[in-house]
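Morning, everyone. I'll walk you through one structure, a few features at a time. Here it comes.

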Amino acid sequence: MGYFVSSLKYSINGEYGHLEVQLKVLWCLLLFLLGMGINIHSDLLLRQLRKPGEVTYKIPQGGLFTYVSGANYFGEIVEWFGFAIATWSLPAFAFAFFTLCCIGPRAYHHHRYYLKTFTDYPKSRKALIPFVF
């Protein structure tokens, strides 16, 4: 995949020298890093939910879990779409799209599970996208 992502032959516009393109890449790199930070922070919160030996499920709290059930999934999707826009290549967009297609339904099913399992689960919390879905 690295060859296809870095090859100008497979990029959509093939113009990497212009200042506006470099700024776009910088902003998208920041989007990628933001998504990565959300993903890592959310995974850390999930790992801290249970103590060793515990088997009960708990409601995730803090970070983006305040707004969505799948904060770690949201972070990963943001991460890969930032990468896809930065590289502006078809393979990267395909990877981001299929990441969304695989992880999006998981977030939705986790959200439904939490709503069914926990009577005190926050009703205002969305499944994947804060305030939207």
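**Salt bridge, helices, patch**

Start with Glu54: at 30% relative accessibility, Glu54 counts as partly exposed, because that term covers values between buried (under 20% relative accessible area) and exposed (over 50%), with a 1.4 Å probe and protein chains only. Before going on, a caution: this is a predicted model, where local features need pLDDT of at least 70, side-chain atom pairs count only at pLDDT 80 or more, and totals for chains, interfaces and linings use all residues. Residues are numbered from 1 along each chain as its sequence is written, and side-chain values use heavy atoms, leaving out hydrogens and water.

What does Glu54 form a salt bridge with? Its partner is Lys58, and the closest N and O atoms are 3.2 Å apart. The rule asks for a side-chain nitrogen of Lys or Arg within 4 Å of a carboxyl oxygen of Asp or Glu. The count by that rule is 1 salt bridge. Lys58 is partly exposed too, at 29%.

Now the helices. H2 and helix H3 (residues 71-87) pack with axes 7 Å apart, at an angle of about 160 degrees. So H2 is roughly antiparallel to H3, a term for angles over 145 degrees.

Last, the surface. Leu26 lies in helix H2, residues 19-47. Leu26 is partly exposed, at 44%. Leu26 also helps make a nonpolar surface patch of about 720 Å², with Leu19, Leu23, Trp27, Leu29, Leu30 and Leu33. Patch residues have over 30% relative accessible area and no salt bridge; nonpolar side chains (Val, Leu, Ile, Met, Phe, Trp, Tyr) are joined within 5 Å, like charges within 9 Å.

Definitions and conventions
Areas by Shrake-Rupley, 256 points an atom, 1.4 Å probe, with all protein chains shown as cover. Helix = DSSP H or I, 4+ residues; strand = E, 2+ residues; numbered from the N terminus. Axes fitted to C-alpha atoms, helices over the stretch in contact; angles between N-to-C directions. Parallel < 35°, antiparallel > 145°, perpendicular 65-115°, else oblique.
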